Amino acid sequence: MKEKIFVSDLVEGSFITSVFLVADKTLRTTKSGNPFLALDLADKSGNIDSKVWDNAEAIGSRFEADDFVMVEAQVESYRGQLQLNVRDLKRMDDDDVALEDFIPASRWDRDEMLEQLKDVVGREIKSPEMLRFFDALFEEKQLMKQFTLAPAAKGNHHAYLGGLLEHALSMTRLAVRMTRHYAHYYPGMLNQDLVIAGCVLHDIGKCFELSYGRSFNYTTEGQLVGHIVQGVELITAIAKKVSPPLPAEMLMQLKHLVLSHHGKLEYGSPILPRTAEALLLHEIDMIDSRMNMYSNMVAEHEGGTNSEEAFTDYQRLFQGRMYMGDDTGTKWAKTTTPNEDDLEGPGAAAVLEAEGTPKGERRQPASAGESDPNLSLFSE
């Protein structure tokens, strides 16, 4: 397939072949009575008015609004605005289209993030029964396809393709660090397997709650049932495929994590957190979602770093304008950058390669039963 040409890159006088989303389609007639198609074609960079003057009815029968189409067109100017004079087009199957060209997507490779999540789960979870559950979960190819595509929300945080997976992976890595940390303060209090499982599963129902083929919205089932219940139903469905049967206590704990992860009844959880793992899961979820939201706010205000532009616009969720810092802060304040031992995020491989460090030479995190001086309170 030809390389995608975005609306923002169109140049008057050029002839293009590229894929666009049909945002609007109308069959009209000229003053002389000849039919023509008026189209609004779009991608993530913008929209462009487009016309099909020849064979309008025949070409129009090939597609509908909200379809993806491969367009052959001349870029022209009309009343000072660029316009496409479409010579030919054909409808494209969704599977042949890169959705990230049309709606926001994670900056990280989604397939790589899924492999990293599987690696963390396989390396850090110690319970054979829990591993059997996740083996069955990861074998669900259609579900994993949805899991790699779904946003974590329609808006607010991680609202882009791959956002749900990025959120789950980030939370899972936080869970490993935090459970090890608290193992030194309160030995025996936390089950790391459960916290990791909760991070992976807490929002997995959003694979079904949200639609994300053209834009982000709620499905009918998502509005009538919701991702919390959908997630619990998924746990039951996956468990039924595992033989011998998984422990009922373990499945109950997994369901409690999903049911309580919003933390409060008024936030949508039908039950409050009743275990140490559920309490920690809720806080990890809050931390990761808020950090992503803050990052998005700063990106939207990029360049505003003087005393008048050091604050974001009013943010309803945070009940105020958020401070981004100003030029004076650069004299004393430095942002934290990862050292080599910390490079295990989605972009770690790219950072290591840029630094000339072979990926295979990365330090592997210690298992739950090993001493890790980077995480121990009592190391010298």
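Two rings of Phe, Tyr or Trp are taken as a pair if their centres lie within 6.5 Å, and the pair is called stacked when the planes are under 30 degrees apart, edge-to-face when they are over 60, and tilted otherwise. By this rule the count comes to eight aromatic pairs in what is a predicted model, and two of these pairs, together with a cluster of rings, will serve as landmarks after a brief look at the chain as a whole.

The protein chain has 380 residues, of which 46% count as buried, and its secondary structure consists of 12 helices and nine strands. Among the contacts in the chain with a separation of 6 or more, 59% are made by residues 24 or more positions apart.

A pair of aromatic rings is described by the distance of the centres and the angle of the planes. For Tyr182 and Tyr185 these values are 6.2 Å centre to centre and 50° between the planes, which makes the pair tilted. Both tyrosines belong to helix H5, which covers residues 163–185, and they are three residues apart, about one turn of the helix. An α-helix has 3.6 residues a turn, so residues three or four places apart point the same way. Tyr182 has a relative accessible area of 31% and is partly exposed, and Tyr185, at 43% relative accessibility, also counts as partly exposed.

Phe311 and Tyr323 form another tilted pair, with 5.0 Å centre to centre and 50° between the planes. Here the pair links distant parts of the chain, since Phe311 lies in strand E8 (residues 311–315) and Tyr323 in strand E9 (residues 320–323), 12 residues apart. Phe311 is partly exposed because its relative accessible area of 34% falls between the limits of 20% and 50%, and Tyr323 is likewise partly exposed, at 44%. The loop between E8 and E9 holds Gln319, a residue that has a positive phi of about 55° although it is not a glycine. At 67% relative accessibility, Gln319 counts as exposed.

Aromatic rings also come together in helix H3, which spans residues 128–138 and has Met130, Phe133, Phe134, Ala136, Leu137 and Phe138 as its buried residues. Ring pairs link Phe133, Phe134 and Phe138 of this list into a cluster. The buried residues of H3 are covered by several elements, including H2, H4, helix H6 (192–201), helix H9 (227–240) and helix H10 (248–260). Between H9 and H10 runs a loop that contains Pro244, and the peptide bond leading from Ser243 to Pro244 is cis, with omega near 0°.

Two of the helices that cover H3, namely H2 and H4, appear again around the second largest pocket, which has a volume of about 440 Å³. Helix H2 (110–124) and helix H4 (141–149) are the elements that give two or more residues to the lining of this pocket, and H4 supplies the largest share, seven residues. The lining comprises 19 residues in total, and those nearest the centre of the pocket are Asp95, Lys145, Gln146, Thr148 and Leu149. Sorted by class, the lining has eight charged, seven nonpolar and four polar residues.

Following the chain from H4 towards H5, the reader meets Asn156 in the loop between these two helices. Phi of Asn156 is near 65°, a positive value in a residue other than glycine, and at 59% relative accessibility Asn156 counts as exposed.

What, then, is Phe216 in contact with, leaving aside its neighbours within four places in sequence? The contacts of Phe216 are Ile103, Pro104, Pro151, Lys154, Ala159, Tyr160, Leu161 and Ser211. Phe216 itself is placed in the loop between strand E6 (210–211) and strand E7 (217–218), and it is buried because its relative accessible area of 13% is under 20%. With Lys154, one of these contacts, Phe216 shows a C-alpha to C-alpha distance of 5.4 Å in space although the two are 62 residues apart in sequence.

Finally, two lysines lie over aromatic rings. Lys4 lies over the face of Phe6, at 5.1 Å from the ring centre, while Lys25 lies over the face of Phe63, at 4.6 Å from the ring centre.

Key
Residues are numbered from 1 along each chain as its sequence is written. This is a predicted model: local features need pLDDT of at least 70, side-chain atom pairs count only at pLDDT 80 or more; totals for chains, interfaces and linings use all residues. Side-chain values use heavy atoms; hydrogens and water are left out. On a 1 Å grid over the protein atoms alone, a cavity is a set of points where a 1.4 Å probe fits but cannot get out, and a pocket is an open set with protein on both sides within 12 Å along at least five of seven lines; lining residues have an atom within 4 Å of a point. Grid points are joined across faces, edges and corners, and a volume is the space filled by probe spheres set on the points. Helices (H or I, at least four residues) and strands (E, at least two) are DSSP runs, numbered from the N terminus. Ala, Val, Leu, Ile, Met, Phe, Trp, Tyr, Cys and Pro count as nonpolar, Asp, Glu, Lys and Arg as charged, and the others, Gly among them, as polar. Rings of Phe, Tyr and Trp (its six-membered ring) pair if their centres lie within 6.5 Å; planes under 30 degrees apart count as stacked, over 60 as edge-to-face and the rest as tilted. Buried means under 20% relative accessible area, exposed over 50%, partly exposed in between (1.4 Å probe, protein chains only). A charge sits over a ring if NZ of Lys or CZ of Arg is within 6 Å of the ring centre and within 35 degrees of the ring normal. Contact means heavy atoms within 4.5 Å.
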